[in-house]
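Here are a few short exercises to work through with the model open beside you. Try each task before you read its solution.

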Amino acid sequence: MTDPGALNTYLPTLVRYVLVMIGIGVIMLVVYRVQLALGIKREAATGRTLVMPWLIGFIVFNVFTIGASLYLSFTDYNLFRAPEWVGLENYQELFDISFGTLESRDQRSSDVLARRHDEIIRVEIGDGGFVIGARSDSFWRSMRLTLLYAILSVPIGLAGALGVALLLNQKVKFLGLWRVLFYMPAILPTVAMLLLWRWMFSQNGIINSLTFPIWRLTSGEAPRWFTDPQLALPAFIIIGLWGVFGANSVILLAGLKGIPTDLYEAADIDGAGNWAKFRYVTIPMLSPALFYNLVTSMIAALQLFEVGAFIQTPESVGTFVNWLIYQEAFTLRNMGMASAMAWILLLIILALTALIFRSSSVWVFYQGAREERA
Amino acid sequence: MKSRFIILTIALLLSALSPVVAQDVPTITIATWAGVDEAAEFQEIIDEINANTTEYQIVHQPTPAEYYTVVQTQLAAPGTGADMYWMDQDNMALKADGVFMDLSECLANSEPGTAGDLSDYYPGILAVNEYEGGVYGLPWIAQPVVTFYNKALFDAAGLEYPSPDWTWDDFIEYATALTQDTDGDGEIDQWGYTATDWPPPYIWIWQAGGELISEDFSSAPVDSPEFLEGLEFWLNNAYNPEMSPSAEIIAEQGFSEMFRAGQIAMFMGGAADDLDRVEGLDVGVVRVPGHPETGSHTTFAWNASTVINASSPLAQENPQLLCDALVAITEGIHNWKIVSPRISQATVEHLVAAEPRKEASAEAILEAAQDMRALPVFGNFAEFGTIFWTEFANPLLNDETDLTPEELAAEIRPELEDTLP
């Protein structure tokens with residue numbers, strides 16, 4: 001029997017959903033009629049009307065929220081009280097960074113850094129060195145971890161994805177089965193995958209068991225992947241490589257399939273070997289797909305969230321910036337500071353993406369563009 | 001044709017709404033973090049209340065995943081959330097943001113000896129719910145930290161069991177003596193004690209006479225000698241190879257799991273924990289050790305309350321009805337969860353009736369409850385707590401700072417005080 005309490009709780013929500021849909025339908029009808037009355041052609045009016053719900057959704061849920069987060073980044077806001085304008089205070093706190101010179105290796109970082117600043121980077125050179133510290137040290141430690149992760153994992157992941165795509169492009173038995181198997185990771189729930197990795201990286205996990213001869217000879221003690229500050233980043237990169245077998249490989253495989261065979265035949269006639277064909281035919285022809293994968297993978301790596309939520313790291317390592325932003329917003333209820341962090345991350349992502357785009361003229365080959373120039 | 005279709009659609013929607021509109025008895029919703037088992041037990045309490053009233057019907061909305069994110073987003077959008085929520089002590093800080101209903105007026109005429117009688121609550125626990133003269137939640141649990149000890153390991157070491165008047169010195173003596181290499185392979189495989197950042201340092205700080213925050217919330221005297229004495233005791237016990245396993249071993253083998261596996265002799269946990277009924281273990285319970293000079297056995301109490309959403313339509317229309325339902329729910333929980341935060345219910349009989357499996361440890365738990373204290377929660381407590389843990393306590397505990405506790409305390413104090421109201 002239906003629970004009347006649950007019905008009373010959820011029915012109004014369902015009714016609201018239906019009413020909103022009907023409301024949008026009515027507005028679309030009115031807009032369509034108005035356009036026709038204004039003399040706009042039927043086809044154009046239909047197109048504009050059909051795109052309108054999406055446009056409204058984009059303005060309300062994207063443009064407005066992006067604008068609101070920019071505004072909130074200049075405020076002190078805890079969700080429940082009205083935002084209080086603080087100008088650049090949040091950004092000033094985030095960029096409150098100090099630099100200190102070490103006169104000896106034994107000197108404490110705290111002795112050479114500004115008050116209330118904690119070490120982010122300490123470099124010892126000879127008998128001295130230098131230290132960089134910040135007031136928002138957890139943000140910069142997390143930024144360091146996130147950037148290093150993105151810079152290291154993305155190229156390795158792309159190379160792996162390319163290797164997998166090349167393998168899947170061979171004429172081997174059960175090719176369909178292999179392709180399904182290699183795509184499987186992309187459809188697995190991220191949380192389940194992360195819990196599995198956490199178990200595999202535990203001290204008695206499968207990874208330490210497999211690498212037993214190596215660590216037994218070197219340190220004598222099984223690595224503690226997520227609690228050792230030196231090993232946390234390599235562990236995350238290994239986890240990140242999981243994505244090699246997924247959408248990236250499929251895109252590159254599609255790119256490989258799209259390379260005209262006559263190019264390889266021409267290369268054969270010219271006496272090119274396998275490496276030469278790969279270097280001078282496959283890579284240039286695949287470069288648009290590689291470029292697309294590079295951009296999307298870099299953005300995805302910088303926006304990593306789930307790993308931070310499910311795998312705890314030592315304070316000195318930091319966490320992934322998106323997870324830190326979430327904590328700042330929903331644990332500390334510092335929506336203003338969280339918004340400022342989000343905007344700094346956005347600017348860094350934009351800068352890196354722009355850099356990749358700028359570099360594309362050097363290494364990405366667009367056949368159509370060449371033909372146009374010719 | 002089109003207009004007929006529209007009229008028909010509206011008529012259908014209105015008929016769908018009719019059960020809601022026609023209903024005479026208001027529905028009161030309560031959101032909790034309860035998981036499957038806890039929710040099933042709680043539902044029994046709600047069913048009983050619903051069966052005995054014609055004034056309202058309560059509907060439970062368990063939200064075990066990301067509970068506080070859901071609660072905050074609902075509270076931030078007035079009128080969209082449940083009528084009541086469970087809140088733990090840390091999140092009672094929201095009392096300062098005007099999102100909870102002030103209960104002082106609607107509870108003013110409560111019957112003495114009921115859950116609505118505010119004078120029956122432990123004052124320190126009730127204080128978590130108070131703000132500027134108002135009361136914003138009814139506590140339903142106050143769980144003091146107690147010591148669970150493995151009797152077999154004490155027997156094997158020829159040691160007497162800890163007595164209620166034991167001190168820090170006794171504790172260290174026991175913990176050191178019980179840390180042993182039992183199989184003779186040269187490696188320690190049994191420890192006297194285990195600690196991470198749990199149990200919290202406040203226990204020892206309060207016992208030594210220190211305070212995290214002054215009573216009037218004007219200062220955070222973390223650099224006082226009393227505070228530092230308690231903090232040092234906490235720092236010296238955790239990960240100390242002479243008495244407790246390292247952070248890595250704990251991370252690997254599990255914190256309380258090591259006690260369950262018989263590898264740890266003493267564990268400090270919440271009174272409601274099931275460590276005293278682990279199959280195959282004979283476990284005793286005693287209050288936490290006391291300060292050797294002050295004689296204080298003050299302990300920390302984790303506590304939680306139920307609050308009323310101030311923006312709920314019912315809170316505007318009929319606050320007394322919500323209050324009555326809150327009292328009924330809280331009364332039910334006081335007979336279900338241990339330890340009840342009410343002074344009149346601090347009896348062995350009541351505790352055992354609520355949780356018969358705690359019969360053997362009931363006296364020790366109630367003894368601990370007499371000395372329990374709650375955290376001094378204020379509006380900005382989340383930020384205070386984060387600074388305290390991430391920039392002070394954890395760096396000291398994990399050797400991630402080159403400063404001494406005294407130096408770091410002096411440095412962190414202004415930062416902590418910046419967050420005070």
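A term to start with: pLDDT is the predictor's confidence in each residue, from 0 to 100. You will need it because this is a predicted model.

**Exercise 1.** Find out which residues of chain B have pLDDT under 50.

*Solution.* Begin with the whole chain: the mean pLDDT of chain B is 92, and 95% of its residues reach 70 or more. Next, look for the dip: over residues 18–22 of chain B, pLDDT stays under 50. For that stretch the model has 5 contacts beyond four places in sequence. Finally, take care when reading: where pLDDT is low, the predicted coordinates should not be read in detail.

**Exercise 2.** Describe the side of chain B that touches chain A.

*Solution.* First, count: 36 residues of chain B are in contact with 32 residues of chain A. Then locate them: the elements of chain B that each supply at least two residues include α1 (2–22), β1 (27–32) and α16 (381–397). Last, sort by type: this side of chain B has 16 nonpolar, 12 polar and 8 charged residues. For the complex, the predictor gives an ipTM of 0.75 and a pTM of 0.82.

**Exercise 3.** Work out how L326(B) fits into its surroundings.

*Solution.* Start with its helix: α13 of chain B covers residues 319–334, and L326(B) is among its buried residues, as are L322(B) and I329(B). Now look further along the chain: beyond four places in sequence, L326(B) is in contact with M84(B), L138(B), T306(B) and I308(B). Then zoom out: the largest nonpolar core has 123 residues, and L326(B) is one of the four named as touching the most other members, with L103(B), V146(B) and I365(B).

How values were computed: Residues are numbered from 1 along each chain as its sequence is written. Chains are lettered from A and ligands numbered from 1 in the order in which they are written. This is a predicted model: local features need pLDDT of at least 70, side-chain atom pairs count only at pLDDT 80 or more; totals for chains, interfaces and linings use all residues. Two residues are in contact if their C-beta atoms, placed from the backbone, lie within 7 Å. Helices (H or I, at least four residues) and strands (E, at least two) are DSSP runs, numbered from the N terminus. Ala, Val, Leu, Ile, Met, Phe, Trp, Tyr, Cys and Pro count as nonpolar, Asp, Glu, Lys and Arg as charged, and the others, Gly among them, as polar. A nonpolar core is a set of buried Ala, Val, Leu, Ile, Met, Phe, Trp, Tyr and Cys residues joined through C-beta atoms within 7 Å. A residue is buried if 20 or more other C-beta atoms lie within 10 Å of its own, exposed if 12 or fewer, and partly exposed in between; C-beta atoms are placed from the backbone. The expected span of a helix is 1.5 Å times one less than its number of residues.
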